[in-house]
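Welcome! Let's work through a few exercises together, one step at a time. Have a look at the chain first.

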Amino acid sequence: MIRFYALSRRSRAARSLTLRTSAKVNLVLEVLGKRPDGYHELSTVLQAVDLFDRLVLEEDEALTLRTSDPDLPTDEANLVVRAARLIREAAGVSRGARITLDKQIPVAAGLGGGSSDAAATLWGLAQLWGLGWGGERLAEMAAELGMDVPFFLHGGRALATGRGERLRPLPAAPAMSLVLVKPRFPLSTREVYGRVPPGLRDDGARTGALIRALASRDSSRVAACLYNALEVVVGPAYPEISRIKRALLGAGALGSVMSGSGPTVLALARSAEHARQLRSRVTTTAWSAWAVRTLAAPAIRAVK
Ligand code: ATP
C-alpha cells in the first residue's frame, strides 16, 4: 500500500513519498556470447538483499536531486535524474520533484545500486504524479535505462536472460543469509564487459544447476553452484578478489563468488548469526563487509 505524507508548511502543502530500494547480488552469471549489437548475452540469477538506499520524492516545480554521497553526480549523469526525465517526458507532464537520495549501497560495486535507484525513481514518480501506470509500461522504460533496472521493479529472485532484461521470477523462499565483502576500489561495469575475451562462452548449464540447487533448499549444493564468468576477466588484474574469497572460505563460509561485474564478493552462510560472525572475521581497514538476508519481497517499498 502506497502512502503519501502531507508536509504542511502553513500556506503550502507538498506531497512526498519515501522509498527504500534494495541492492542485488548475482548467484550465478554466465556469458553465453556476444551479440551483434555489442552487448553480451547473459544468463544470471539475480537476488534482492536487504541493503537499501533511501529516496525521498517531494512534489516540486523543478526536477532536482540531492544526495548524501558527495562523489555522486546530481545531474543527468545520475541514473535517478535520467529516470525522472525519461518518465516525465513519456508522461508529458510539466511537474517536477525534489529528490533526496540517501546512499547506503556501495557505488560501482556489482550490487546494482544505481539501477535500483533508477527503478525506484520510475516507480515513485509514477505514484507521486498519479500516472496510474502498470508494471509493463514501467518495465519498458526501465529496460531503456539499464540491464539491471527492470529486475528492481520485481525484486525477490529472478532468472535474467538476454542483456539481463528478460526476467523469469523464481521462488525466493526460504531466505538465505549472506555476507558481502567489498574492497576499496570501484569497478566499471562497462569496462569489465569490454574486457570479456571473445572465446568466453558458457552454455547455461550452470544456471540450470543453480536453480535446481535452490529448489532443493540444500545450502551446500547451492554453495557449490555459485559461479561468475566475469571472475576470469577481473581476477588476474585484481588478485584481491581471490584473497577475499579465500578469507571467507577460510572463515567457514559455505561458498563464495564475485557479484555482477564486481568487485563485491558474496558468501553463503549457514544462518544470520553465522553471517554476522563471518562479517566480523573478514572486516579489515581494506575491506567493508555486510551481513544480509535475501528478500522474497519487492525490492522497492514505501516507508515512513
Ligand atoms: P551493476 O551491478 O548494475 O553493474 P554497480 O553496482 O556495479 O552496478 P552502480 O553503483 O550502479 O554500479 O554505479 C555505477 C556507476 O554509475 C558509477 O560510476 C556512478 O557514478 C554512476 N551512477 C549514476 N547514478 C548512480 C546512482 N544513483 N547510484 C550509484 N551510482 C550511480
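**Exercise 1.** How do the residues of the lining of the largest cavity divide into nonpolar, polar and charged?

*Solution.* This is a predicted model, where local features need pLDDT of at least 70, side-chain atom pairs count only at pLDDT 80 or more, and totals for chains, interfaces and linings use all residues. Residues are numbered from 1 along each chain as its sequence is written, and side-chain values use heavy atoms, without hydrogens and water.

Step 1: list the lining, meaning residues with an atom within 4 Å of a cavity point (on a 1 Å grid, where a 1.4 Å probe fits but cannot get out). These are Val31, Gly33, Lys34, His40, Val196, Pro197, Pro198 and Leu200.

Step 2: sort them, with Gly counted as polar. The result is five nonpolar, two polar and one charged.

Step 3: find where they sit. Strand β2 (residues 12-34) gives the largest share, three residues, and at least three come from each of domain 1 (16-169 + 297-303) and domain 2 (171-293). The cavity's volume is about 30 Å³.

**Exercise 2.** Where does the largest nonpolar core lie, and why?

*Solution.* Step 1: meet this core, a set of buried residues (under 20% relative accessible area) joined through side-chain atoms within 4.5 Å. It has 56 residues, and Leu27, Leu230 and Leu248 have the most contacts inside it.

Step 2: trace its sources. β2 supplies the largest share, six residues. Because domain 1 and domain 2 both give residues to this core, it lies between them.

Step 3: look elsewhere. Another core of 41 residues lies apart from it, including Ala48 and Trp133.

Terms used
1 Å grid on protein atoms, 1.4 Å probe; cavity = no way out; pocket = protein on both sides within 12 Å on 5 of 7 lines; lining within 4 Å. Points joined across faces, edges and corners; volume = space filled by probe spheres on them. Helix = DSSP H or I, 4+ residues; strand = E, 2+ residues; numbered from the N terminus. Domains from an automatic or database assignment. Buried < 20%, exposed > 50% of the residue type's maximum accessible area, 1.4 Å probe, protein only.
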